[in-house]
Amino acid sequence: MLTSYRHDQFQIKWATDNWEKEQAYRIRSSVFCDEQGLFKEHDRDDIDCDAIILVAVRQLAGMPDTVVGTVRIHQSAPRVWWGSRLAVATAFRRQGILGASLIKLAVRSANSLGCDTFLATVQAQNENLFKRLNWETRGYLTIQNMPHVKMEADLNAYSPMTTPADGFRVEGKRQKISIPSSALEFPVTASVLKGAIQ
């Protein structure tokens, strides 16, 4: 058994294809309905009609593979934007970068679209994460029997992006992988040797 290491690559971008949006909705349903029980059948609402869906897409060999995280942004009033429905698939939470990267793209995208105020109502356990990303607490409330925090981003910490739909790439944590020795072995036959010396 040989040990090697790899870093997963992710594109943090706007969802531009239907498959990206559908996978984003599935992640939201898995997190907010199945895991947390905040909604019964689905978490879709009227905001989804106008929201911009952002996704974290795992890349394999430089090609998009699967959506592993999502958030949405929408404008509630002129130059006032909100972020909501931040969710990362369970298997990818240990990457430690996807939630923060989605938050950064959310605010930078709104900044590029004309934003004076960017707000979010986040679950209380995520308050410290948002504070580390230059957000300030604006109040406390309960939603669906779960404690939440209203927070506001410091827009000076988030420069506008020239191409927010394309987003940016991030690299995940280094992961150890094991490769069976048998996967590296192949039989050497007389015909192979003969071909090698011709």
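In which loop, between which two strands, is Arg-79 found? In this predicted model, Arg-79 is placed in the loop that links strand S3, spanning residues 63–77, to strand S4, spanning residues 80–88. The backbone of Arg-79 takes a positive phi, near 70°, in a residue other than glycine. With a relative accessibility of 41%, Arg-79 counts as partly exposed, because this value falls between the limits of under 20% for buried and over 50% for exposed residues.

A positive phi is also computed for Asn-134, which is not a glycine and for which the angle is about 70°. Asn-134 belongs to the loop between helix H3, covering residues 127–132, and strand S6, covering residues 135–143. The relative accessibility of Asn-134 is 40%, and this residue therefore counts as partly exposed.

The elements that surround these loops belong to a chain with four helices and eight strands, which follow one another from the N terminus in the order β-α-β-β-β-α-β-α-β-β-β-α. The sequence of elements thus opens with a strand and ends with a helix.

For the chain as a whole, 41% of the 198 residues are buried, while the exposed area amounts to about 11,500 Å², of which carbon and sulfur atoms supply 50%. As regards the contacts in the chain with a separation of 6 or more, 68% are accounted for by residues that lie 24 or more positions apart.

Note on methods
Residues are numbered from 1 along each chain as its sequence is written. This is a predicted model: local features need pLDDT of at least 70, side-chain atom pairs count only at pLDDT 80 or more; totals for chains, interfaces and linings use all residues. Side-chain values use heavy atoms; hydrogens and water are left out. Buried means under 20% relative accessible area, exposed over 50%, partly exposed in between (1.4 Å probe, protein chains only). Contact means heavy atoms within 4.5 Å. Accessible areas come from the Shrake-Rupley method with a 1.4 Å probe; for residues, only the protein chains shown count as cover.
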